[in-house]
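Welcome, and please have your viewer ready. We will go from stop to stop, with a selection to make at each one.

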Amino acid sequence: MRRLAAAVTLLAALLAAACGYRLSGRVNTLPADAATLAVPAFANGTTRAQAEQFVTFAVREEFLRRTRLRLVESAADADLLLEGTIVALRTTPLSYSQAGAANLYEVRLTLDVSLIDTRSGERLFQGEALAFRDTYETESGDFFSQETASLDRIAEKFAASLVTSILENF
């Protein structure tokens, strides 16, 4: 009887192991021999000054936090090159006070990104028209500082999503 129970348990374990499920977030699709990454400042195709600084900094920090790659300044010294462009940055009022002043805004950031293996020239990741947004309220008329804080939050969301997409090949 014990042998039968052991055999059934073993069979169940083997079937469960072969079912094809795996834990998400455990795959790294970057080349195993890649050790360095260059992330030059994102191109800013908008009129919002310094938007590229928020995005570039957030992306660099996320790669440092989540990968073993070492950041280098020059693409010539890098195994991988991540290039990006901020295509659009729009701030749109969503609601208004009784006095007619906007008090709720949406900030929407649209970006194009590509990751290239500089050794082979192969494009490892391509993302076009990636859109991220955030909302903020303002009662005091402090529009610009609220927009800046919102841009910082969007940059962090974008960086986390981008690195996840690259690492897990989504």
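A residue is called buried under 20% relative accessible area, exposed over 50%, and partly exposed in between. Keep that scale in mind, because Pro40, at a relative accessible area of 32%, counts as partly exposed by it. Please also remember throughout that this is a predicted model.

**The whole chain**

Start with the full protein chain in cartoon view. You should find 3 helices and 6 strands, arranged along the sequence as α-β-β-α-β-β-β-β-α. Of the 170 residues, 36% are buried. The chain exposes about 10,400 Å², and carbon and sulfur atoms supply 53% of that area. Among contacts with a separation of 6 or more, 66% join residues that are 24 or more positions apart.

Now colour by pLDDT. The mean is 85, and 80% of the residues reach 70 or more. Select residues 14-26 next: here the pLDDT is below 50, and the stretch has 3 contacts in the model beyond near neighbours in sequence. Where pLDDT is low, the predicted coordinates should not be read in detail.

**Strand E5 and its partners**

Select residues 102-117, which form strand E5. How many of the residues of this strand are buried? The count is 13 of 16, so E5 is largely enclosed by the rest of the structure.

Add strand E4, residues 80-96. E4 and E5 pair in the antiparallel sense over 15 bridges. To see the register, show Leu89 and Leu109 as sticks: Leu89 stands opposite Leu109 in E5. Then follow the hairpin round its turn, where 5 residues lie between E4 and E5 and Gly100 has a positive phi of about 95°.

On to strand E6, residues 123-137, which runs antiparallel to E5 and is joined to E5 by 12 bridges. A pair to pick out here is Ile116, which stands opposite Arg123 in E6. The hairpin of E5 and E6 also has 5 residues between the strands, and Gly121 takes a positive phi near 80° there.

**Two positive phi values outside glycine**

Stay on E6 and select Ala129, which is found in this strand. Ala129 has a positive phi of about 55° although it is not a glycine. Is Ala129 buried or exposed? At 52% relative accessibility, Ala129 counts as exposed.

Next, move to Gln50, in the loop between strand E2 (43-44) and helix H2. Gln50 is likewise not a glycine, yet has a positive phi of about 70°. With a relative accessible area of 44%, Gln50 is partly exposed.

**Pro40 and its surroundings**

Select Pro40, in the loop between strand E1 (36-38) and E2. Which residues does Pro40 touch, leaving aside neighbours within four places in sequence? Pro40 is in contact with Thr56, Arg60, Leu81 and Leu82. Try a distance label on one of these: Pro40 and Leu81 are 41 residues apart in sequence and 8.2 Å apart in space, C-alpha to C-alpha.

**Last stop: Glu62**

Finish in helix H2, residues 51-66, where Glu62 has its place. Glu62 has a relative accessible area of 9%, so this residue is buried. Show Ala159, Ala160 and Val163 alongside: Glu62 is in contact with these three, leaving aside its neighbours within four places in sequence.

Terms used:
Residues are numbered from 1 along each chain as its sequence is written. This is a predicted model: local features need pLDDT of at least 70, side-chain atom pairs count only at pLDDT 80 or more; totals for chains, interfaces and linings use all residues. Side-chain values use heavy atoms; hydrogens and water are left out. Helices (H or I, at least four residues) and strands (E, at least two) are DSSP runs, numbered from the N terminus. Buried means under 20% relative accessible area, exposed over 50%, partly exposed in between (1.4 Å probe, protein chains only). Contact means heavy atoms within 4.5 Å. Accessible areas come from the Shrake-Rupley method with a 1.4 Å probe; for residues, only the protein chains shown count as cover. pLDDT is the predictor's confidence in each residue, from 0 to 100. Two strands pair if DSSP finds at least two bridges between them.
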